[in-house]
Protein chains: 2
Amino acid sequence: MAAGARRGPYICGIDAGMDVVTGKWKSLILWELTNYGTRRFGELRRGLPGVSEKMLVQHLREMEEDGLVHREIYREVPPRVEYSLTPDGASLNEALSALGTWGQQRVKRLAAEGALVEAPPPGLRTGGAGGAA
Amino acid sequence: MAAGARRGPYICGIDAGMDVVTGKWKSLILWELTNYGTRRFGELRRGLPGVSEKMLVQHLREMEEDGLVHREIYREVPPRVEYSLTPDGASLNEALSALGTWGQQRVKRLAAEGALVEAPPPGLRTGGAGGAA
DNA sequence: TTCGGTACTTACCTTCAGGTAAGGGTGGAG
DNA sequence: CTCCACCCTTACCTGAAGGTAAGTACCGAA
């Protein structure tokens with residue numbers, strides 16, 4: 001997808017929207033930037049546990065190219081780069097919020113069913129509920 | 001993704017929602033079933049130009065497993081199978097409609113910019129505009 | 001008897017998104 | 001003089017998503 005054969009003829013709007021969010025970390029990057037407004041490269045890296053530097057740079061570049069994020073470079077002694085959402089990125093995030101709500105409800109539903117199916121052991125611990133939204 | 005390590009611990013709702021729509025043809029299948037209500041296997045195949053039978057079956061099975069589509073089998077002389085959206089599938093499609101709108105606006109924006117950048121030849125034909133929405 | 005249409009299944013192969021690991025240029029700390 | 005943190009870049013590799021193609025079981029039409 002990375003600046004290759006992307007932006008092919010889209011069948012419908014969802015198709016076009018998906019193209020821009022497709023990528024393991026893109027929705028999470030969007031999430032981070034929405035919550036914090038502005039984040040440095042290192043902050044994003046630490047905020048997305050498991051992401052590799054290469055993928056983070058790659059996704060950020062693609063999203064910048066797609067007009068979703070703004071990249072501000074401060075030529076200081078230790079170089080500083082700040083990422084933030086453009087208006088397009090912010091509106092995309094709003095468009096995704098409905099999907100986020102749907103996903104949360106789905107997680108709830110799965111948890112409820114799972115609790116019935118998996119026969120919950122008495123002393124089970126909640127672990128990481130994950131619902132960071 | 002196919003019934004493997006999916007449904008991992010989600011970071012946020014968007015994450016959980018994306019998991020279910022990830023797949024080259026899933027959003028298009030959703031689109032088809034939303035527009036037509038009920039479609040047979042062959043109709044879907046013909047409605048999604050370029051899809052292979054294997055991928056169509058695979059995606060339909062995953063979406064059925066995810067509770068998005070309903071599969072009705074009619075044991076007739078030439079076997080007939082009809083696919084339709086479940087309530088969950090329909091609500092997912094509604095949740096995606098915002099993304100679809102965003103995508104359409106993006107396509108429009110790109111077309112407008114592209115028209116400026118690419119110096120449109122006088123006799124260009126519209127070809128397939130693609131905006132089937 | 002072969003062809004075509006229904007809805008798949010199976011095996012094999014290609015492609016590419018994503019992961020791993022190392023380097024690079026700068027300056028400050030130890 | 002070495003190490004570290006910053007923000008990347010580059011090269012290489014793996015695994016899974018997706019594509020290709022053939023086979024299955026049934027029946028009607030030609």
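Which residue, with a positive phi, follows α2(A)? The answer is G37(A), with a phi near 80°. The close-up views below come from a predicted model, and they start from that helix.

**View 1. Helix α2 of chain A and the glycine after it.**
Helix α2(A) spans residues 26-36. This helix is mostly covered, with eight of its 11 residues buried. If you would like to pick them out one by one, the buried residues are K26(A), S27(A), L28(A), I29(A), L30(A), W31(A), E32(A) and L33(A). After the helix comes G37(A), whose phi is positive.

**View 2. Helices α2 and α4 of chain A in contact.**
Here α2(A) meets helix α4(A), which covers residues 53-65. The two pack at an angle of about 75°, and their axes are 10 Å apart. They are therefore roughly perpendicular to each other. On the α2(A) side, K26(A), I29(A) and L30(A) make the contact, while α4(A) contributes L56(A), H59(A), L60(A), E62(A) and M63(A). Sorted by class, this contact has five nonpolar residues, one polar residue and two charged residues.

**View 3. The three-stranded sheet of chain A.**
In chain A, three strands form an open sheet in the order β1-β3-β2, with antiparallel pairing. Strands β1 (38-40) and β2 (69-74) of chain A stand at the edges with a single partner strand each, so one side of each has no neighbour in the sheet. On average, neighbouring strands are turned by 25° against each other, direction ignored. Look for the pairing of β1(A) with β3(A) (residues 80-85), which is antiparallel and runs over three bridges. Within this pairing, R39(A) stands opposite Y83(A) in β3(A). Helix α2(A) packs on the sheet and touches β1, β2 and β3 of chain A. The direction of α2(A) makes about 95° with that of β3(A). Helix α4(A) lies across β2 and β3 of chain A and runs at about 115° to β2(A).

**View 4. The sheet of chain B and its two helices.**
Chain B also has an open sheet of three strands, ordered β1-β3-β2 and paired in the antiparallel sense. Its edge strands are β1 (38-40) and β2 of chain B, each pairing on one side only. From one strand to the next, the twist averages 25°. Three bridges link β1(B) and β3(B) in an antiparallel pairing, where T38(B) stands opposite S84(B) in β3(B). Helix α2(B) (residues 26-36) lies across β1, β2 and β3 of chain B, at about 95° to β3(B). Helix α4(B) (residues 53-65) lies across β2 and β3 of chain B, running at about 115° to β2(B).

**View 5. The β2-β3 hairpin of chain B.**
How many residues lie between β2(B) and β3(B) in their hairpin? There are five residues between the two strands. Strand β2(B) covers residues 69-74 and strand β3(B) covers residues 80-85. The strands run antiparallel, joined by six bridges. One facing pair to find here is R71(B) and Y83(B), the latter in β3(B). As you trace either strand, keep a general rule in mind: in a regular strand, side chains alternate between the two faces of the sheet.

**View 6. Helix α1 of chain A.**
Helix α1(A), residues 13-21, is mostly covered, with nine of its nine residues buried. These are G13(A), I14(A), D15(A), A16(A), G17(A), M18(A), D19(A), V20(A) and V21(A). The helix is followed by G23(A), which has a positive phi near 145°.

**View 7. The nonpolar core and L96(B).**
The largest nonpolar core has 54 residues. Those touching the most other members are I29(A), L92(A), L96(A), I29(B), L92(B) and L96(B). Zoom in on L96(B): leaving aside neighbours within four places in sequence, this leucine is in contact with I14(A), L99(A), V21(B) and L30(B).

**View 8. S97(A) on helix α5.**
Is S97(A) buried, partly exposed or exposed? S97(A) is partly exposed, because its relative accessible area is 40%, between the 20% limit for buried and the 50% limit for exposed. This serine lies in helix α5 (residues 87-117) of chain A. S97(A) and W31(A) are 66 residues apart in sequence, and their C-alpha atoms are 9.9 Å apart in space.

Terms used. Residues numbered from 1 in each chain as written. Chains lettered and ligands numbered in written order. Predicted model: local features only at pLDDT ≥ 70, side-chain atom pairs only at ≥ 80, totals over all residues. Heavy atoms only, no water. Helix = DSSP H or I, 4+ residues; strand = E, 2+ residues; numbered from the N terminus. Buried < 20%, exposed > 50% of the residue type's maximum accessible area, 1.4 Å probe, protein only. Pairing = 2+ DSSP bridges. Axes fitted to C-alpha atoms, helices over the stretch in contact; angles between N-to-C directions. Parallel < 35°, antiparallel > 145°, perpendicular 65-115°, else oblique. Contact = heavy atoms within 4.5 Å. Nonpolar A, V, L, I, M, F, W, Y, C, P; charged D, E, K, R; others polar. Core = buried A, V, L, I, M, F, W, Y, C linked by side-chain atoms within 4.5 Å.
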